[in-house]
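Here is a friendly walk through one protein model, written to be read with the structure open beside you. Shall we begin with a strand pairing and work outwards from there?

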Amino acid sequence: MHVAKVDFSTVLPRFLSLHIFSFLNPKDLCVAAQVSWPWKFLTEQDCLWMPKCIRFGWFLPYAPADNEYGAWKHHYVACVSNLDWLTPREAAAVYGTLNEPKTGDEELQERQREKCLRKVIWEKIALRKKELLRVRPPWGSGTRCWRLLESRYQPRLSQTSRGRVGLQEAVEKQLVSASLEALPRRSKVSGSHSYPLLSKKSWRGVYKNDDSSSRASQPHIVLISSRIPAYEVVVDSVRAGVISVVYEHSGLTLESLLYLVEKALDGQRAQSLGVFSDGNSREIHLLQGYKIGIKNLLRPEARDFWERLGSYVAPEEEGGHVDLFVPLGASEAGMEVLSQLSQLTGTLFTAPTGIATGSYQHILSDWLGRPWERAPPSIYFSESKLQVWSSLTDFLEDTLKSARKQLSPLFKELQKNISGRMIGQFVFDTMNMANILNNQGIAQALAEGLTELSKENSDKPLEFLSYFLLKKCSKKSKDLEGNVVLTERGPEAASGPSAKERNVMEDNPQDKKSSRSQNDPNFEVLVQLEKKLQVDSAEKRTKVVRELLQSERRYVQMLEMLRDVYVTPLRAALSSNRAILSAANIQIIFSDILQILSLNRQFLDNLRDRLREWGPAHCVGEIFTKFGSQLNTYTNFFNNYPVVLKTIEKCREMMPAFRAFLKRRDKTVVTKMLSLPELLLYPSRRFEEYLNLLYALRLHTPAEHVDRGALTTAIDHIKKYKDYIDQMKQDINMKEQLSDIQRVIWGCPPLSEVNRYLIRVQDVAQLHCCDEERSSSSRLYEHTRDLSLFLFNDALLVSNRSTSHTPFERTSKSTHQFIASVALHRLLIEDISDTKYIKNAFILQGPKCEWICATEGEDDKFLWLSVLQNAIRSSMEK
């Protein structure tokens, strides 16, 4: 009998072949699809895969075309990758499938069975992912591309003459671009999959769950930027059960930030997500080089970031929301940003209205969006600690600088998790604002009572002292009725004792020499005007105007404090022939600030006159426009600001009388525990408050209002001037940072260049390959020395790092020796796959040198290469 060896799929009718393949499971069907093209065509038919999807409740979100095949198979693979399966009960709720009615006990048993099954599956998936990440190399080898580059790169560099410099630069640019393209993508690292056939709205709907227990298990997560002053105290304020992620503001990319969020959530979806970063009422300063505003929100990189970040949060129907701790609700541009983000991600974005001037006081103001059971700050933080932090931000930042310097060599990796909480708890316990104010008031009252007791020589000292204190308490309460005006921050913040006492301290200086403002008739007029505006607080525009008037009065009082506490005594000593400072030094230090006081006093008087008969139709924009045309006084102050500080330091060192004068005047109750240099910081911070208030005022001003055009003109003036101040700050900070790096590295060439700034510093180990002839998986490497890589926006600086220990000391000292610097547009990168002999390694090659480096952890490698690629691309685009 003749036996013919043929493929049954080519001989039998198609329906018989499909019937045979229908007995295979999904895994065997995928294996069979690799045998031949006829088998691939048959095993991807929808009639085979549709029953397998429907059995798990996976329905195709669209109708396939007539000539389309394989749609159900792709849908099955995508659902398995994301575990997007529904039980029959969930499928009935979503798609309307029919189920037989069940009793209450059967329904409860089914819920418990589903919950246990879901938990087991998630645990197995998490364990499987960990095993895959441990076994398979997270980075592609890239050896093929590198061999190609190496074969092209070396001969051309040696054979190119000077007359072909342009061709050489073009070749180098192509080689650098090729090396960047050869590096593995992030999807290979994290093991994530993308499925283009399903939109975000389609696969997100599968996660709907009516069980309240699953919703309660979803965590809250908050991202805290390192640019926030004293962020350690903010971390200490995080509530128990809330996931906190502290990220570096400089030296990260948007993709790196997403990686940190994914790692923190570990496959879960968050009920809410908070972003605690720097910014203003128009944009979010999320990372260095990434200011997210209405102009760049729809760029591909930023859009992809927000879409993926929104996918980590539960949908709005389940109560999910993203809270931005930036006052975007105080301007039209910020409101547009929130609207675009909500439409882009399908998740509710909220932000504070920001109608509260001061250091980060906007986070305690009213929030936009639908009302929740708790205010967004109370979801993530302890409100009492957060309020103390917002009041003492500047002091805490100065205090923590020395603590970071001492603790960083000891803790390193544990610094963010342990030292920040220890320091935050210590500062909160010892620097409680309410205790400070209570102790100051009690101490001063007792001192006055004992002074009166010594004058009276009473036979009953305790009765006299108690009568004196009761009399002083009743008198003080009457005086405070017309003077204390609380900033509206919600019922809890306004009624707390710390808020009340803080406003008493701000509005009523306790020194008789500096209480000139209380005797001023204009002071009483301002207090009555604020009281009148407070009555009509229902209108948002009135609330902003009241905050403007109140904050301007406090600002003028701080400037008057400078004049009364410092300038007046110094001039009096000069006129009495007992000079503490010369007339020239007094002129250098205080002339500009006194002119600012005169300008703002006039501005406050204009506001008072305009708001005396306040109504909805009144205007304040023209007053700001007039004020913006007189900012030459501030320009002189900022130009002379470095000279003023150097003059103060020089006089303090050379003149003992001035040193003693500052010791008596600085950091007293009269100066609100501030020194002279700290008081001189107020003018630079005031313009951010002006800008936020103007944006909030324009937001609540109708388009047909007469004041809207003047407000727009005033915003342009103030914004240009604030940009000028920010540019000055940035230039000074860059110069100081570059000078510090140059001072730390021995033999370092001059680093001061125009527009150069530091992006990231990475400590790595330099390796040497012992046998390059072996295959890449069996090569041996040895550790030769430690390196520190300083990444700038235009170059990479490589230094040798050595560590020395001091006898009987736990801390160590690191020193750096300059090795080389490479321009970023000439730097080639190659990834090295993980083997049993080497982990987390990569190669950096410049025109003359090559370094094989390895980081301590996988996360460090991914973050470093991500930032380095982004910096190289940016330098090549210039």
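Which residue is the bridge partner of Q762 in β11? The partner is L789. Please keep in mind throughout that this is a predicted model.

**The eight-stranded sheet**

That residue pair belongs to the pairing of β10 with β11, two strands that run antiparallel and are joined by 11 bridges. Both strands are part of an open sheet of 8 strands, in the order β9-β13-β12-β11-β10-β16-β15-β14. The pairing in this sheet is mixed. At its edges stand β9 and β14 (828-832), each with a single partner strand, so one side of each is left without a neighbour in the sheet. As a general reminder, the strands of a sheet pair through backbone hydrogen bonds, in either a parallel or an antiparallel sense.

**A smaller count of strands**

Another open sheet is made of 3 strands, ordered β4-β5-β6, and its pairing is antiparallel. Here β4 and β6 (290-292) are the edge strands; each has a single partner strand, so one side of each lacks a neighbour in the sheet. Between β5 (residues 284-287) and β6 there are 3 bridges in the antiparallel sense. If you would like a residue pair to look for, H285 stands opposite K291 in β6.

**Strand β7 and its neighbours**

Now turn to β7 (residues 321-324), a strand with both faces covered. H321 and D323 lie on one side, V322 and L324 on the other, and all of them are buried. β7 pairs in the parallel sense with β3 (residues 272-276) over 4 bridges, and H321 is the bridge partner of S272. β7 also pairs in the parallel sense with β8 (residues 348-350), over 3 bridges. In that pairing D323 stands opposite T350 of β8. To get from β7 to β8 the chain passes through helix α17 (residues 332-345), and this β-α-β crossover is right-handed.

**Helix α28**

Among the helices, α28 (residues 540-575) deserves a moment of your time. Its 36 residues reach 51 Å from the first C-alpha to the last, close to the 52 Å expected at 1.5 Å a residue. Where is the kink in α28? A kink of about 35 degrees lies at V567, shortly before the proline P569. The helix is mostly covered, with 28 of its 36 residues buried. After α28 comes N577, whose phi is positive, near 65 degrees.

**Salt bridges**

How many salt bridges does a search of the whole structure find? The search finds 28. In general, side chains of opposite charge can pair when their charged atoms come close. Three of the pairs in this model are set out here, with the distance between the closest N and O atoms.

| Pair | N to O distance |
|---|---|
| D278 and R227 | 3.7 Å |
| R554 and E547 | 4.0 Å |
| D794 and R756 | 3.1 Å |

The salt bridge between D278 and R227 is a good place to start. D278 lies in strand β4 (residues 278-279) and R227 in the loop between β1 (220-225) and α14 (231-236), so the pair ties together parts that are 51 residues apart in sequence. D278 counts as buried because its relative accessibility is 17%, under the 20% cut-off. R227, with a relative accessible area of 41%, is partly exposed.

What about the burial of R554 and E547, buried or exposed? Both R554 and E547 are buried.

The salt bridge of D794 with R756 links distant parts of the chain, 38 residues apart. D794 sits in the loop between β11 (781-792) and β12 (795-805), while R756 sits in the loop between β9 (745-746) and β10 (758-769). D794 is partly exposed, at 30% relative accessible area, whereas R756 is buried, at 13%. Elsewhere, salt bridges that share partners join E560, R601, D605, R608, D609 and R612 into one network.

**The chain as a whole**

Finally, step back to view the protein chain in full. The chain has 36 helices and 16 strands. Of its 878 residues, 46% count as buried. Among contacts in the chain with a separation of 6 or more, 68% are between residues 24 or more positions apart.

Technical notes:
Residues numbered from 1 in each chain as written. Predicted model: local features only at pLDDT ≥ 70, side-chain atom pairs only at ≥ 80, totals over all residues. Heavy atoms only, no water. Expected span 1.5 Å × (residues − 1). Bend = angle between axes of the 7 residues up to and from the residue. Buried < 20%, exposed > 50% of the residue type's maximum accessible area, 1.4 Å probe, protein only. Pairing = 2+ DSSP bridges. Right-handed = clockwise from strand over helix to strand, strands pointing away. Salt bridge = Lys/Arg side-chain N within 4 Å of Asp/Glu carboxyl O. Contact = heavy atoms within 4.5 Å.
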